[in-house]
2 protein chains.
Amino acid sequence: MFQLLANDSSSKARRGRLTTSHGVIETPIFMPVGTQGSVKAVSPDELRQLKAQIILGNTYHLFVRPGVDVVQHFGGLHRFIAWDGPILTDSGGYQVFSLAKLRKITDEGVHFQNHLDGSPCFIGPETAMEIQAALGSDIAMAFDECPHYPCDYDYAARSLDLTLRWAERCRRWAGEHAKRPAVFGIVQGSTFADLRRKSAEALTALDFDGYAVGGVSVGEPEDEMFRAIENSEPFLPAHKARYAMGLGTPPQIVEMVARGIDMFDCVLPTRIARNGTAFTAAGTLNLKNAIYARDKQPIEEGCACPACAQFTRGYIRHLIKAEEILGLRLITLHNLHFYLHLMEKIRASIEDGSFGEFRKSFVSNYQIRATDVEK
Amino acid sequence: MFQLLANDSSSKARRGRLTTSHGVIETPIFMPVGTQGSVKAVSPDELRQLKAQIILGNTYHLFVRPGVDVVQHFGGLHRFIAWDGPILTDSGGYQVFSLAKLRKITDEGVHFQNHLDGSPCFIGPETAMEIQAALGSDIAMAFDECPHYPCDYDYAARSLDLTLRWAERCRRWAGEHAKRPAVFGIVQGSTFADLRRKSAEALTALDFDGYAVGGVSVGEPEDEMFRAIENSEPFLPAHKARYAMGLGTPPQIVEMVARGIDMFDCVLPTRIARNGTAFTAAGTLNLKNAIYARDKQPIEEGCACPACAQFTRGYIRHLIKAEEILGLRLITLHNLHFYLHLMEKIRASIEDGSFGEFRKSFVSNYQIRATDVEK
């Protein structure tokens, strides 16, 4: 499934190729998040124009609404949402633990009330696999518990044991189903190096189709986030894809690539767009700021996105202030282009041996202005 | 400016051509409403794909935010919003009377506090002309008072006299400015036949570039709306364009064309889209309705709009229920296509002599379901 094309000499960065049932993905890659069957504010045609190679769907959200039976009735998620490229689905675990109410966790799985109408629901490892297969996912994630940050050692260790028992059951399910999505295991273990190693080694022994690092981007400081990857990656097989879940800022993504990660997803580019914040190589730009009212420049000079091709900062600021949908559409297009184009530059720099240089200059040019980022 | 190309034999319907500084408009025509410098939820490129020939901008809204000076700084409204086709602006009168606070009406004009930050503002006939010229409007509307419905005879008569004095001053301003937008006068007179006639005759004597019928679509029953047009149109010159302001439903538009109207604007297609309601030849369709959850049809079979080309009712319903922006984008595209395509069919039927037939079959096939339309 994963082909390693090149290694960077200055870091652990890798250039790879991931083959799925809906097409080939060049890695490192960013996956726009289509939580409820739509990447917020953009159309499938626009995603294709932006050269998105794969998008993410959230199992929990789709399970709750419109329901798996409805998606199946339409012939699966690809047909339902009119996206014929690859789709990765998460397992639902993260949202069951963050959104659902009245959770009861047992070895069997999780009983909960969904956040929309409070109906009693159940998801366990096998159901998570079945739901993702029914959605028609190309890459399904194992069902896991994602501990909060901070988390004490005992809780993290017990949680990891549960997650590993669930991972075994997901792997067994995969072994028993010929026609199934690729299945990725998820490394947990919170901030503890020995647990991360134990998790990565146990999952590797189970021989998943790929591996993710979970339990990151859950509120921990950036150095803990990097450490979680550094404590996991060395124990994952080189010939399988590695996915860091739910992150991050543009420099964090560059740093994660340097630590051997191939795949990313993050709501940041779409979420902060709705707050009027755009990404640029020099950091974020909050277009609500009055200094942009008469600014005739595009969001970013030289940017090839559809927003920068036609519209000024001043006009987009007006749209955001006036709460016009076109404003957040334009910033969303720009931000997704920024992330996807960043990955393109990362891939090219790994290929031509200049990633070390690119990493240094990108990270030093980029300054995230904390006030510009929505929580 | 206006060329009359054909008259319908069964009604007062006309096929015409209106030449503006930003291009030629084939009439009868529907003008999508871009209140704050954006037709809600759609991009200028999408408007071009929908073959919109002219859009409307709201003077009051743009005057309040971002301000006329800001729009001028960007080289006028066309450049500011990246739309190079014709733009008609209203005079601001309607919003001054419906949105602004603490109005004081004198012969000079209207002092008011704007609805956003309460700043004291003034718009009178000459300022309304100057603002619209500064915005770079192709067709500017005379400044008028639009009386509420119902309105007693004395108020309507006094209001009409004020509107006519203001119309004279708008016409004088136009006569004194060589480089200016086309200026349309607005027939008022509420529900009173003699006032409507007086208004139309007085405006005709002033020789405007075109004429609108105002004070319609302000809450009156449909027969009063038709009557207001019937009481105005006979007294307007045949060789000038006629515009019925702020309406209406698809059958109302067909009926207005039959009564000699050439131009229409209405927020209905964009506004009810945001509520999940789509137009079809058989009437409106509220996609929030549970019966569409598993519906694999497009909004309307055979429709050539971008939404119907790719997406099912079931998916669009899911998007609307999940409050995804793509849902209201798709219905907005469909509804604007529906209105613009309706005008195309009206034009073609006037040309080939079948308008009478078209009118009869369209109106009888169309049933507006009151529950489906947002107030």
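Two exercises with worked solutions follow, both set on a predicted model.

**Exercise 1.** Determine how chain B is related to chain A, and which parts of chain B touch chain A.

*Solution.* Begin with the superposition: a turn of 180° with a shift of 0.0 Å along the axis lays chain B on chain A with an RMSD of 0.0 Å. That is the relation of a two-fold axis. Next, locate the axis with respect to chain B, where B:I325 is the residue that comes closest to the rotation axis, its C-alpha being at 4.0 Å.

Turn then to the interface, in which 29 residues of chain B are in contact with 29 residues of chain A. On the side of chain B that touches chain A, the elements giving two or more residues are α3 (68-73), α4 (77-81), α13 (313-321) and α14 (325-351) of chain B, and α13(B) gives the most, with 5 residues. Sorted by class, this side of chain B has 14 nonpolar, 9 polar and 6 charged residues. Finally, 100% of the interface residues of chain B are also interface residues in chain A, so the copies meet through the same surface.

**Exercise 2.** Describe how helix α6 (residues 125-135) of chain A packs with helix α7 (residues 153-176) of chain A.

*Solution.* First take the geometry: the axes of α6(A) and α7(A) are 8 Å apart, and the helices pack at an angle of about 45°. Because this angle falls outside the parallel, antiparallel and perpendicular ranges, α6(A) is oblique to α7(A). The crossing in which α6(A) passes α7(A) is right-handed.

Then list the residues that meet: A:P125, A:E126 and A:M129 come from α6(A), while A:W166, A:R169, A:C170, A:W173 and A:A174 come from α7(A). By class, this contact has 6 nonpolar and 2 charged residues, with no polar ones.

Methods: Residues are numbered from 1 along each chain as its sequence is written. Chains are lettered from A and ligands numbered from 1 in the order in which they are written. This is a predicted model: local features need pLDDT of at least 70, side-chain atom pairs count only at pLDDT 80 or more; totals for chains, interfaces and linings use all residues. Two residues are in contact if their C-beta atoms, placed from the backbone, lie within 7 Å. Helices (H or I, at least four residues) and strands (E, at least two) are DSSP runs, numbered from the N terminus. Ala, Val, Leu, Ile, Met, Phe, Trp, Tyr, Cys and Pro count as nonpolar, Asp, Glu, Lys and Arg as charged, and the others, Gly among them, as polar. Axes are lines fitted to C-alpha atoms, for helices over the stretch in contact, and angles run from 0 to 180 degrees between N-to-C directions. Angles under 35 degrees count as roughly parallel, over 145 as roughly antiparallel, 65 to 115 as roughly perpendicular and the rest as oblique. A crossing is left-handed if the near helix is turned anticlockwise from the far one by less than a right angle, and right-handed if clockwise. Copies are superposed by least squares on the C-alpha atoms of residues with pLDDT of at least 70 in both.
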